[in-house]
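Here are a few friendly notes to read alongside the model. I have kept each point short so that you can follow it on screen.

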Amino acid sequence: MASIRIRNTGERIEGEANVRAFLEEQGVLYEHWDTEKLPEKLRDKFVLTDEEKEEILRAYDEDIRSLAERNGYVKWDVVALSPETPNLDELLKKFEQVHVHTEDEVRAIAAGNGIFTIKGKEETGYFDVELSAGDVISVPVNTPHFFTLMENRRVVAIRLFIDPSGWVAHPVEDPAFQP
Ligand SMILES: [Fe+2]
């Protein structure tokens, strides 16, 4: 279940209803998928074959199609990151820069954890959303954000796209962001 940390105040928001209410107020889509749908052998596996990635997409097919239909996504895939990923540190360095996209950035966490740091409303500022298996989040178009891993440095996520070529990171120099 996702939890929130507001960076300016250190305030934490926990519990499904509170997290949902906060993210809704910030205009960030959040939902939770049933992790029981994923075969047990894939719930803790971070180096995946193409066949295993397909298996993950099949397990969540109904949820993926429902979300895609609601928001206009036409393509989806699976990405896996772990200490076994070549150049993980370099990749993370690139990820951890505030940027925007010309479409939503949608991630459904299938295994492991991740953090989206997102720029909220003026009075809220940046907040971290800590995600675990089953959490689904969509960072709205043109909203400054970045993604990083948690201490376990492991995640498997489903990505959904309106137009994969539209998912280019445009860096943002934001003085309001305090690392
Ligand atoms: Fe992004």
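1. Let's start at one pair of residues: Tyr-30 stands opposite Ile-137 in β9. Their strands, β3 and β9, are antiparallel and share four bridges. Here two strands count as paired if DSSP finds at least two bridges between them, and strands (E, at least two residues) and helices (H or I, at least four) are DSSP runs numbered from the N terminus.

2. Before going further, a word on the source: this is a predicted model, in which local features need pLDDT of at least 70 and side-chain atom pairs count only at pLDDT 80 or more, while totals for chains, interfaces and linings use all residues. Residues are numbered from 1 along each chain as its sequence is written.

3. β9 also pairs with β6, again antiparallel, through four bridges; there Glu-105 stands opposite Val-139. Is β9 buried or exposed? It is mostly covered, with five of its five residues buried, that is, having 20 or more other C-beta atoms within 10 Å of their own (exposed means 12 or fewer, partly exposed in between; C-beta atoms are placed from the backbone). Asp-135, Ile-137 and Val-139 point one way from the strand, and Val-136 and Ser-138 the other way.

4. Stepping back, these strands belong to an open five-stranded sheet with antiparallel pairing and the order β3-β9-β6-β11-β4. Its edges are β3 (29–32) and β4 (75–81), each pairing on one side only. On average, neighbouring strands are turned by 20° against each other, direction ignored; axes are lines fitted to C-alpha atoms, for helices over the stretch in contact, with angles from 0 to 180 degrees between N-to-C directions.

5. At the β4 edge, seven bridges join β4 to the antiparallel strand β11 (residues 155–161), and Val-79 has Ala-157 as its bridge partner. Helix α2 (residues 50–59) packs on the sheet, touching β4, β6 (105–112) and β11, and its direction makes about 125° with that of β4. Contact means C-beta atoms, placed from the backbone, within 7 Å.

6. Gly-72 sits in the loop between α3 (61–71) and β4. It counts as partly exposed because it has 13 C-beta neighbours inside 10 Å. Gly-72 and Leu-160 are 88 residues apart in sequence, yet 9.5 Å apart in space, C-alpha to C-alpha.

7. Two asparagines deserve a look. Most residues other than glycine have a negative phi, but Asn-87 has a positive phi of about 60°, and Asn-142 likewise has a positive phi of about 60°. Asn-87 is in the loop between β4 and α4 (88–95) and Asn-142 in that between β9 (135–139) and β10 (145–148). Asn-87 is exposed because 9 other C-beta atoms lie within 10 Å; Asn-142, with 12 such neighbours inside 10 Å, is therefore exposed too.

Definitions and conventions
Contact = placed C-beta atoms within 7 Å.
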